[in-house]
Structures are given as structure tokens and as C-alpha cells.
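The following exercises concern backbone geometry and the relation between two chains. Work through each task before reading its solution.

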There are 2 protein chains.
Amino acid sequence: MAIYQPPKGMKDIAPEEMGRRKWIYSVIRNVLDSYGYTEVASVELEMWETLAAKAGEENLNEVYDFKDKADRRLALRFDLTCGIARMVANMRLPKPIKMYAIGNSWRYDAPQKGRYRCFTQWDVELFGIDSITADAEIIAVSSEIMKQLGLDLEVRINDRKLVENIFAYLKIDKRLYSDVMRTVDKIPKLSKDNILAEFKKAGISKEQAESLLKILGRKGKAKDLIPILKKEFESNADITESINTLESLFASLGSDRNYVLDLSIVRGIGYYTGIVFEAFDKKEQKLGSLFAGGRFDGLVGIYGTEDMPAVGVGGGMERLMEVLEQNGLFNKMQRTKSVFIAPVNDAVRPYAKKIAASFRKNGFAAEIDLTGRNLKKQFDYANKKQFDYITVIGDKEKESKTFMLRDMKTGKEKKMKF
Amino acid sequence: MAIYQPPKGMKDIAPEEMGRRKWIYSVIRNVLDSYGYTEVASVELEMWETLAAKAGEENLNEVYDFKDKADRRLALRFDLTCGIARMVANMRLPKPIKMYAIGNSWRYDAPQKGRYRCFTQWDVELFGIDSITADAEIIAVSSEIMKQLGLDLEVRINDRKLVENIFAYLKIDKRLYSDVMRTVDKIPKLSKDNILAEFKKAGISKEQAESLLKILGRKGKAKDLIPILKKEFESNADITESINTLESLFASLGSDRNYVLDLSIVRGIGYYTGIVFEAFDKKEQKLGSLFAGGRFDGLVGIYGTEDMPAVGVGGGMERLMEVLEQNGLFNKMQRTKSVFIAPVNDAVRPYAKKIAASFRKNGFAAEIDLTGRNLKKQFDYANKKQFDYITVIGDKEKESKTFMLRDMKTGKEKKMKF
């Protein structure tokens, strides 16, 4: 029945995975709602032009585009930021504007293990604030989400402007900035030799490359690293200013032990203009970043008449689920308790329904047998579906207005009054 | 900036509408979870063949299909039933299987007021049970959702088999059944003359048409109508059997005053095989049905090796929102209380953040000013965004560990201790 499968690189979300996702979604929503962010849902299909205006050259051929029946060029969105920026550009809202979204995005590339053509993202955007307090809040809310999911994070923070000022300090040719930036992005992933080879390819001298690697290879607590950097670059006003920005940011973030300054963090994507950050699970760093983002003051202006400062963050659901699984955190997830109600005959069914309704009112998921099959089969089903409790309702139970509630794990029974 | 709009017939969901939708989604989820249904999410894009296997001839040209970059024919799903049926056909799950989904569907037709190319649906399916108790539960859960949203419903219920047995009783040619059925579907919408004209076009005699209209035009309380029908058709075994089925269904549904027997309800779509129903808001009937569904025992077999009895129901979010709006029910929606925290300077900001955190822990949405602008501007913003409360935090508040909480509607202030 091969033709009745989902398209290549896409998958259905079955009940167990959906249960896990719903828990994650509710944590994300609770945290963001409590900080005054409001959820939105932009269209999943966009005009090609809308996505092309944001996608970098290198991403354009991964866009999932097609022509509709009227020969319009449309595309399935590749992220959630675009749509939110387009919405905001078209609305007249009091600033700051605090929005978030959870939804599917698509890319048309070769599917690999754990990498799908359709994937789910969460995305938070804060528009209209220049001040570093905005960057700090975005980092804080993202970290709070992960903390409430039970994860222990390392959030690596940097300022792209600092890196650019260091490029200038090392007299790197401006035209090489974007290639050099892309290599800097790889510092944590490649060996020293490979990085030096890449810097060479990007066109900078061996001395420049080694200086860069020495400066940008630094990572540590901001309170340790910032005084050192301040001293080292005290004669350079631009670098000093960037360091002061980072100092304010860390001050605003407070003394959370999870925040580190990592001078190699620059984010590959071209549109970031200031603070950038990436967060990793401390135990499962190899699985990649759990969220990443930064300041992108230029994007809203593309879609409207008014430019607007902006900070944003996003993360992928599939990777997050993998990290939660590796950390055994789904076991700690709160589940609704479930009870299976087995009426022994049709005559007691109306009474059994009343008991079901009462369980539902008290926060249980209560399923009543609908098949009329014998009790053994009803028990088999309740076992297979792993109900927490089961209760058999017969004439005696109806008369006495009591019933026995059996805990399916321990086998213990408890007498209950209706 | 016309090119940066959503594609034709599609729309973004902005904060206010999203807030309303989130309330509706949570009511749907709470009711269905409490009855033991589990949420799933099938892919939004399907292979063309998958959709074509279910879509009737008349719907195929409304399918939103296209060719991907590898020349595969794909389509955006037109409903949620297809994907769930395909998923279930591919899984080996203990029966009954109780699933639901909330998500977007697409159709490629001319957009009209209130009718979009992309729309949101909710959909509940119950697989594996022949018994009428399953039909009753599906009707009961759908009605419970609407009741919890505050709506007063009329649920019109019928059995397609009864209608077919009446066709046979009136000696209507079997080859005309589907055309006649489509006309029956229009009985509540068209005038008597127009219906008779349509019956004539469908190929039945004037006598047959008038008899049909007389029999199927009946609608009322099951307890009044069923005895009359029983007596009228006591000599016809097939019709009597169908009436008995309906009698059992209404018995299983209980004495809810919202359930009526309506012999003209047949649902246009071809794949229904038994009980069918449509629900309307009592005050806003002209806006169309809020949910509709029925038994479709043949669908799962299309997608797998095993045939499976099934009952399902679905409804559209856009129409539901319109009906809730007309009934003023969004005003009764529970909202999270929001508080705006205005620090007078940067020195008290860390303290203001602690107050914000404490509000969040107590279930408030708490936003702290991030701009550093003056108090007048902060108040303006808090007014425009309609916060429920505002509090100003200065040095005095920090020292005394107290603050004044101002109710933005009444203007009243209350002294609070941190």
C-alpha cells in the first residue's frame, strides 16, 4: 500500500508523540503568556516574493516552492519569523510588540535521519526596543521554557558587533566579512587546522587567522572574561563599547550560572545585527542547539514602510524532543489519570455513564466501554491501552451507589462512593 | 506593498483572534481528552492519490494540488478525516480507536466573504465499533463541546439506511439513489416547488416525489415521531428495523431536549453508511451547521487491508467563531489577568523583575517595561494594550516591600505586600 504513505520526508504525529508535544507546547505557552507575549499564526503558504525577500542566497534553493493552478509562485514557509515580521509590518500596534508562534515549517532538501521536510518550530519576537533589556528578556524567557521542561542549559552569548570590531581591529578587508563570519560560526565544530584552512580560503592572512582564533576562541563566565577583554582592548573605543554592551546584557540577565560569554558565537544567518546566542543542553551538546536567536534590526523594514528594532529566538521541536528523551524527562511529564469503566450489561449503562461524567468533572479521562463485549475482553483492552484505573459497574454497584476502583499498576482496590 | 500580503484566500491570525481560538481549542481538547480521545496530527501535505481515493468526483477539482520539484503530484489536505483514516489503517491498535485532530485544511476554489482557501477544522473519529453506542457517544461529545462554549444547539439526527429503505418502499430505481439523495439533502434549504423540480430532474415520478417529501419532511422529538413512524410502516420489515435503530440511538443519547429526529438529514457526501447528523445554533441557524458527521464504515478499508466500522464528526472553526460572536459568548471567555510593571529607573529594575516573577507564579501575565521611557509613556502603552492592572515600582516601594496595584478599569488602588 505504498501510495498511501505521507509524502517523502514528512511524518504523521501519532498519539504518544502528540501527548509529549502537547506537554511541551503547554510549557512554552504558559511561560510566554506569563511574560505578556501573545500567540499569532501567520499563513503557512506565502507568496514566493515574501520568502525570497528574507531568505539568503544560500537558502533559496531549499525553499519548498511550487506553482498553483493559476500559475502563481507560492511557497511553504521555511520559518516562523518571516510571517510574524510581515504581519507586524502591516499592523499599527503600540510598541513594544511581543509575539510568538508554534507551527510547521518546510524545506525542500534531502531528508535524513531526524531531519524532515516538514518540521515544527517555536518562535518568539520582540519588536520596537533598542535597549539591551529586550535582548535580556528574550534570552531569559527562552531559558525559562527549557528550565520548566527540566533541562540544564548552557546559553552561549556574544555580540556580532564585537566580532566585526575585532575584524576591523585586525584590519580584515570589509569585503571578506561575511565569508570570515561563516568560518567563525564553525569554530566550535571544527579542528584548529580545519578552521585555519577555512580562514585561508576566506582570504585572510595566516597572522590574522591565528589572532582571530586566539581572541574568538575564548569562552567563560562573563564576570571573569569581561575584565580581561576590557584590559586587552582598552585602547580600542569600538571594541570597548561592544564589551560594555555585553557587560550590560549580563548584568541585566542576573547571576544565572547557565549564561556564558562565547566569542565564537556569531550565527551563520546574515540578518543578525547585534547580540546573538545559542543554547545547548549540558549533557547532550552533540545533539545541537535547543534555541538560538539574536537581534535583527533590519528585517521588519523589508516588509513595510517603518524600520523597527527586533530581537527574536526560535527552536526546533524534533531536536528538543530528542534531548528531552535522552534526559529521561518525558517520564516526569504530568499525565491526566485515566479510568476505564466497564458496565456488565446494557441495563446499567446509563448509570455507568453518570459515573464516567463524574470522573470527567474531577479531571480524569474516563472511557466507558462502547462495545458491549464480555468483561475479559474489556479488561484486555484496558490493559493494552494502559489505563491507570478500572471499575466494573453491575447491578449491585448501581443499587449500593458504591464501586471498586482498581489501580492497574498495583492491583489494589479501593471502595468509592458515587 | 501589495506583494507582501498572504496569498489569495488566506489570512493571518492576529493576537485577538488567536486568543479566541485558543479558548475554543482548549474547550475542544478538554472535552475530548476527558472522554479518552487522543489527539493526533497527520501531515498537511498528502500524495494526490491518497486524497483522490476519498474525494468524490465533485470535490476533486477543488483539491489544492500541485507538482513538487521532483514532479510528484501532492496536495494540501481538504479535511482531517482522510489523514486520520490513513494513519489508523497503517497502525495496529487495540479497538476501539478514539482519535481527534484540530488543524488547517485547504481547498482551491473562489474565495468569498467568510470562506477561505485555508480554514481550520476540528475532527473526531471513533473506529472499530458497530454498535449504536458509538454513534451516540460521538453525538454526545460534539454536543458537550458546544454546550461548554455556551451555545444552545439543535442536533438533527437521521439514518441514511432509513431513507434508502423508504426509497425502496416507494419503488425508486436504485440507479437514481445518489441523485435523489442529493436532492433530499436540500429539503431544509429550498422551497417545496424547487424541491419537486429537482426530484423531477433526478428522474423520479411526481407521486414518488410527493410521497418522499411528505415522509422525509417530518421533524420532531424522537419520542413523538418514532411511534407514528412505527405504526405507519409496521408492515415493512426494513423500515421498521431502521426505526428501531434510531429508537436505540435516541435511548442511548438520553433525554436531552436538543436532539431531534429530522428525516431530511442525509448529508451530501457519498461515504456515509448509517446514522447521520447536523447541529445548528438555535438562534443562528442561517449561519449553517456547527458540526456534522455520521457513520462511514467503508473508508478505512480504502487505505489498508482491514475494513473497520467508523463514526466521525467535524466542524469548521471560522463559522463557529462567527456564531459565538453573534451570541456574545467571547465576552464570557475567561482571560488571564494582566499586570504592567513600571520601574521608575534602572536601579529598581532587578527588584521590579522579582515582583513580575511573583505575579507570573500566581497566574498573571506580567509585563515589565523594557524601554526605560518616562512614566507617562508607560501609562499610555498600558492603557492602549488594556492591561487589567498597573503598578509603579520606585525606591520607596523597594525599601518598604509594598506597592500599589491600580485596577485600570475602576481606577481603584490597593496596597500590596511583596
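Helices (H or I, at least four residues) and strands (E, at least two) are DSSP runs, numbered from the N terminus. The model is predicted: local features need pLDDT of at least 70, side-chain atom pairs count only at pLDDT 80 or more, and totals for chains, interfaces and linings use all residues. Residues are numbered from 1 along each chain as its sequence is written, while chains are lettered from A and ligands numbered from 1 in the order in which they are written.

**Exercise 1.** Find which residues a cis peptide bond joins in chain A, and place the proline.

Solution. Step one: the cis bond runs between Lys95(A) and Pro96(A), with omega about 5°. Step two: Pro96(A) sits in the loop between helix H4 (81-90) and strand E5 (97-106) of chain A. Step three: turn to chain B, where Lys95(B) and Pro96(B) are joined by a cis peptide bond with omega of about 5°. Pro96(B) belongs to the loop between helix H4 (81-90) and strand E5 (97-106) of chain B.

**Exercise 2.** Locate Lys171(A) and decide whether it is buried or exposed.

Solution. Step one: phi of Lys171(A) is positive, about 60°, although the residue is not a glycine. Step two: its position is the loop between helix H6 (160-169) and helix H7 (177-184) of chain A. Step three: count C-beta atoms, placed from the backbone, within 10 Å of its own (buried if 20 or more others, exposed if 12 or fewer, partly exposed in between). The count for Lys171(A) is 9 others, so the residue is exposed. Step four: Lys171(B) also has 9 other C-beta atoms within 10 Å and is therefore exposed; its phi is positive, near 60°.

**Exercise 3.** Describe the side of chain B that touches chain A.

Solution. Step one: call two residues in contact if their C-beta atoms, placed from the backbone, lie within 7 Å. By this test 63 residues of chain B are in contact with 63 residues of chain A. Step two: helix H1 (residues 15-34) of chain B gives the largest share of that side, 5 residues. Step three: of the interface residues of chain B, 100% are also interface residues in chain A, so the copies meet through the same surface.

**Exercise 4.** What turn and shift lay chain B on chain A?

Solution. Step one: superpose by least squares on the C-alpha atoms of residues with pLDDT of at least 70 in both copies. Step two: a turn of 180° and a shift of 0.0 Å along the axis give an RMSD of 0.0 Å. The two copies are therefore related as by a two-fold rotation axis. Step three: among the residues of chain B, Phe66(B) comes closest to the rotation axis, at 3.4 Å (C-alpha).
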